[in-house]
Amino acid sequence: MKASSTERAARARAKLPARSPRRRKGRTAVLLAGAAAVAGMAIVRAARSAPPNPNGWFTVTVETDPARLTGPDRPDELARIAERHEIRIRPAPGGRGSEIAVREADGETRDRVRKLKQLLETGEVLLVDRQPEGHRTALGRVGTPAFRHLTRKGAR
């Protein structure tokens, strides 16, 4: 005698568990990956919020003679930075030019020091043309404010 389709379905359900071990492993892997991602983001955030240099100096090496950076002939931008911050200029190790160190520099001051470095080494400040944005995805719309918030503080 043949079993009806309902009986066959009942037997099939009885033989297989409601949730297979393979499905549980996949779900566990996803949960572990999510936890690792959250932990990684927390570590990156903590590292970025830490001061860049414990003694408070932001230092840039410039390929120029230290005498060019001191005295009345020093660049105007360096003089403007020196009005608000303590600056230290000394020869760079290994004869690689000069070191410009600025004490307790915020993001804007760091950007100004980097631009000064470009001006001294290349003769101009290099600018990047903005790309057209086009259509933003949902992830792009969510990520843009966070990216702007991180870059507002200045690179570390």
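Strands S1 and S3 pair in the antiparallel sense over six bridges; two strands count as paired if DSSP finds at least two bridges between them. Strands (E, at least two residues) and helices (H or I, at least four) are DSSP runs, numbered from the N terminus. This is a predicted model, in which local features need pLDDT of at least 70 and side-chain atom pairs count only at pLDDT 80 or more, while totals for chains, interfaces and linings use all residues. Residues are numbered from 1 along each chain as its sequence is written, and side-chain values use heavy atoms, with hydrogens and water left out.

S3 also runs antiparallel to strand S2 (residues 87–91), to which five bridges join it. In S3, Ser 98 stands opposite Val 62 and is the bridge partner of Pro 91. Five of the six residues of S3 are buried (under 20% relative accessible area; exposed is over 50%, partly exposed in between, with a 1.4 Å probe and protein chains only).

Glu 104 follows in the loop between S3 (98–103) and helix H4 (107–122). Glu 104 is exposed, with a relative accessible area of 59%.

H4 has 16 residues and reaches 22 Å from its first C-alpha to its last, close to the 22 Å expected, a span taken as 1.5 Å times one less than its number of residues. Its buried residues include Val 113, Leu 116 and Leu 120. Among the elements that cover the buried residues of H4 are S1 (57–62), helix H3 (76–84) and S3.

Three residues have a positive phi:

| Residue | Place | Phi |
|---|---|---|
| Gly 94 | hairpin of S2 and S3 | near 75 degrees |
| Glu 104 | not a glycine | about 50 degrees |
| Gly 123 | just after H4 | about 90 degrees |

Definitions and conventions. Contact means heavy atoms within 4.5 Å.
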